[in-house]
Amino acid sequence: MKKTILDEVSKDEKQIRTEVFIQEQGFHNEFDDIDHRSRHIVLYKDDEPAGCCRFFMEKDKWIIGRVAVRKKFRKLGYGAELIRCAEEEIRKKGGKIIRLGAQVTASGFYETLGFHKTNETYLDEGCPHVFMEKIL
């Protein structure tokens with residue numbers, strides 16, 4: 001498994017996010033201004049883009065978002081590896097708290113990685129999400 005960390009959305013990340021969030025899940029507003037102030041991680045399996053995420057600072061907390069793994073690479077640990085990579089980079093920058101907005105259906109996955117749900121839920125394009133946090 002190979003990874004890249006960039007200051008901008010790459011062609012490979014666009015491909016993954018378009019495939020997962022737009023084509024598969026039906027979201028429309030996938031790319032936003034936050035992309036321009038985020039660091040971006042892309043994981044590769046044999047030079048094929050497998051998964052991605054972004055992370056950025058907001059106020060005193062780091063946010064991980066847009067975690068996506070292509071269907072053929074799911075259940076192979078790529079999602080957990082993306083979170084570990086982002087956490088490692090956030091630690092290097094002195095981060096102490098990580099927050100993310102998880103689709104409710106994925107919240108159990110994040111709990112296995114040490115995140116806990118807050119009481120804040122919201123809809124993103126009609127899809128139920130919950131905020132989750134982790135103290136490093």
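Six aromatic pairs are found in this predicted model, where rings of Phe, Tyr and Trp (its six-membered ring) pair if their centres lie within 6.5 Å, with planes under 30 degrees apart counting as stacked, over 60 as edge-to-face and the rest as tilted. The rings of Phe73 and Tyr78 have centres 5.7 Å apart and planes at 65°, so this pair is edge-to-face. Phe73 is buried at 5% relative accessibility, and Tyr78 is buried with a relative accessible area of 5%; buried means under 20% relative accessible area, exposed over 50%, and partly exposed in between, with a 1.4 Å probe and protein chains only.

The rings of Phe109 and Tyr110 also pair edge-to-face, with their centres 4.9 Å apart and their planes at 70°. Phe109 is partly exposed, at 31% relative accessible area, whereas Tyr110 is buried at 8%. Together with Phe115, Phe109 and Tyr110 form one aromatic cluster.

Residues are numbered from 1 along each chain as its sequence is written. In this predicted model local features need pLDDT of at least 70 and side-chain atom pairs count only at pLDDT 80 or more, while totals for chains, interfaces and linings use all residues; side-chain values use heavy atoms, with hydrogens and water left out.

Two rings have a charge over them, which requires NZ of Lys or CZ of Arg within 6 Å of the ring centre and within 35 degrees of the ring normal. The charged end of Lys2 sits over the ring of Tyr44, 4.9 Å from its centre. Arg99 lies over the face of Phe131, 4.2 Å from the ring centre.The next topic is the sheet. Helices (H or I, at least four residues) and strands (E, at least two) are DSSP runs numbered from the N terminus, and two strands pair if DSSP finds at least two bridges between them. Seven strands make an open sheet in the order β1-β2-β3-β4-β5-β7-β6, with mixed pairing. At its edges stand β1 (2-6) and β6 (116-124); each has a single partner strand, so one side of each is left without a neighbour in the sheet. From one strand to the next the twist averages 25°, where axes are lines fitted to C-alpha atoms, for helices over the stretch in contact, and angles run from 0 to 180 degrees between N-to-C directions.

Strands of a sheet pair through backbone hydrogen bonds, either parallel or antiparallel. At one edge, β1 runs antiparallel to β2 (residues 39-45) and is joined to β2 by five bridges. Within this pairing, Lys3 stands opposite Leu43 in β2.

What joins β3 to β4? Seven bridges do, and these strands run antiparallel. One bridge places Met57 opposite Trp62 in β4. The two strands form a hairpin with two residues between them, and Lys59 in the turn has a positive phi of about 60°. On its other pairing, β4 meets β5 in the parallel sense over three bridges, and here Trp62 has Ile98 in β5 as its bridge partner. Between β4 and β5 the chain passes through α2, in a β-α-β crossover that is right-handed; that is, with the strands pointing away from the viewer, the path from the first strand over the helix to the second runs clockwise. β4 is mostly covered, with eight of its nine residues buried.

The helices come next. Helix α1 (residues 11-24) lies across β2, β3 (48-58), β4 (61-69) and β5 (97-103), and runs at about 95° to β3. Helix α2 (residues 78-92) packs on the sheet and touches β1, β2, β3, β4, β5 and β7 (127-135), with its direction at about 155° to that of β4. Contact here means heavy atoms within 4.5 Å. Is Glu89, a residue of α2, buried or exposed? Glu89 counts as buried, because its relative accessibility is 10%. Leaving aside neighbours within four places in sequence, Glu89 is in contact with Ile5 and Phe55.

Two loop residues remain. Lys75 lies in the loop between β4 and α2 and has a positive phi, near 70°, in a residue other than glycine. Lys75 is exposed, with a relative accessible area of 85%. Glu125, in the loop between β6 and β7, has a positive phi of about 50° although it is not a glycine. At 34% relative accessibility, Glu125 counts as partly exposed.
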